[in-house]
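Please open the structure in your viewer and keep the sequence panel visible beside it. The tour proceeds by selections, each followed by a short account of what is found there.

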Amino acid sequence: MSLLGLFTGCKSQNTDGDSPNKKTKKEIKMPQSKLLRVEYNYSGMMMEPFYNIELYRNEEGKGPQLKFETQRQEYSFEVSDTLFDAARRIIEEEKMYEYGVSYELAFDIQVLDGYAWRFYARFENKEENIDSRGHQVSPDGNGLNRMRQLLYDAAEKCMEKAHPQQP
């Protein structure tokens with residue numbers, strides 16, 4: 001068996017098996033309450049341009065905020081509510097609400113060039129929240145990549161507005 005087949009064919013999803021409120025896949029539905037917060041983080045051997053990204057609705061009356069770090073500095077910008085609409089659409093289209101709690105390799109192996117990720121979405125109805133993470137393994141589909149791209153593009157636009165390049 002090739003190494004590629006070994007890594008792609010042997011992943012596991014660990015869900016919270018001890019939880020009395022554990023839902024079966026048929027019971028899991030797209031959250032209906034208002035999306036209040038989205039957090040995305042990815043770390044690997046190469047430094048990401050943006051990290052510790054949070055999109056949240058400000059409780060102090062300001063508009064939605066996008067907070068992130070880049071080059072070891074933290075930034076926060078007011079953004080359009082349409083960013084929440086786009087994030088919600090990705091969650092629904094990619095069925096990110098079905099993500100398990102944890103994703104890991106199915107066997108014990110030391111990975112030197114590994115990666116880790118975390119995705120969190122908070123809704124008004126806290127029972128609908130999504131909190132998922134993984135090491136060396138990601139869920140099926142393109143949800144994480146699409147969410148990453150959405151948030152990175154928004155962060156990049158915020159930085160361009162804050163620091164326009166001189167001609």
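The stops below lead from the whole chain to its sheet, its core, one pocket and two backbone details.

**The whole chain**

Begin with the entire protein, which is shown here as a predicted model. Colour it by secondary structure: three helices and eight strands should appear. Followed along the sequence, these elements give the pattern α-β-β-β-β-β-α-β-β-β-α. The protein has 167 residues, and 38% of them count as buried. Of the contacts between residues at least 6 apart in sequence, 63% join residues at least 24 apart.

**Strand S2 and its partners**

Next, select strand S2 (35-43), together with strand S3 (51-56) and strand S7 (116-123). S2 and S7 run antiparallel and are joined by eight bridges. S2 and S3 also run antiparallel, with four bridges between them. Tyr40 is a convenient residue to centre on. Its bridge partner in S7 is Phe119, while in S3 the bridge partner of Tyr40 is Ile53.

**The largest nonpolar core**

Which residues touch the most other members of the largest nonpolar core? Select Leu66, Phe68, Ile91, Phe119 and Met147, which hold that place among the 38 residues of the core. Eight elements can then be highlighted in turn, as S2, S3, strand S4 (65-70), strand S5 (73-78), helix H2 (82-93), strand S6 (102-105), S7 and helix H3 (143-162) each supply at least two core residues. H3 gives the most, with nine residues.

Now centre the view on Leu66. Leaving aside neighbours within four places in sequence, its contacts include Ile53 and Leu55, Tyr75 and Phe77, and Leu151, Ala154, Ala155 and Cys158.

From Leu66, move to Ala155, which lies in helix H3. Is this residue buried or exposed? Ala155 is buried, because its relative accessible area is 0%, where the limit for that class is under 20%. Not counting residues up to four places away in sequence, Ala155 touches Phe50, Leu66 and Phe68. A distance label may also be drawn from Ala155 to Thr70: the two residues are 85 apart in sequence, and their C-alpha atoms are 9.4 Å apart in space.

**The second largest pocket**

Turn next to the second largest pocket, whose volume is about 280 Å³. Its lining comprises 13 residues; select Val79, Leu83, Ala154, Lys157 and Cys158 to find those closest to the pocket centre. S5, H2 and H3 are the elements that give two or more residues to this lining. The largest share, six residues, comes from H3. Colouring the lining by class shows seven nonpolar, two polar and four charged residues. Two of the residues closest to the centre, Ala154 and Cys158, were already met among the contacts of Leu66.

**Two backbone details**

The last stop concerns backbone angles. Most residues other than glycine have a negative phi. Where, then, is Asn52 located? Asn52 belongs to strand S3, and its phi is positive, near 50°. Asn52 counts as partly exposed because its relative accessibility is 32%.

Finally, select Gln71, in the loop between S4 and S5. Gln71 likewise is not a glycine and has a positive phi, of about 50°. With a relative accessible area of 70%, Gln71 is exposed, since that class begins over 50%.

Definitions and conventions: Residues are numbered from 1 along each chain as its sequence is written. This is a predicted model: local features need pLDDT of at least 70, side-chain atom pairs count only at pLDDT 80 or more; totals for chains, interfaces and linings use all residues. Side-chain values use heavy atoms; hydrogens and water are left out. On a 1 Å grid over the protein atoms alone, a cavity is a set of points where a 1.4 Å probe fits but cannot get out, and a pocket is an open set with protein on both sides within 12 Å along at least five of seven lines; lining residues have an atom within 4 Å of a point. Grid points are joined across faces, edges and corners, and a volume is the space filled by probe spheres set on the points. Ala, Val, Leu, Ile, Met, Phe, Trp, Tyr, Cys and Pro count as nonpolar, Asp, Glu, Lys and Arg as charged, and the others, Gly among them, as polar. A nonpolar core is a set of buried Ala, Val, Leu, Ile, Met, Phe, Trp, Tyr and Cys residues joined through side-chain atoms within 4.5 Å. Buried means under 20% relative accessible area, exposed over 50%, partly exposed in between (1.4 Å probe, protein chains only). Contact means heavy atoms within 4.5 Å. Two strands pair if DSSP finds at least two bridges between them.
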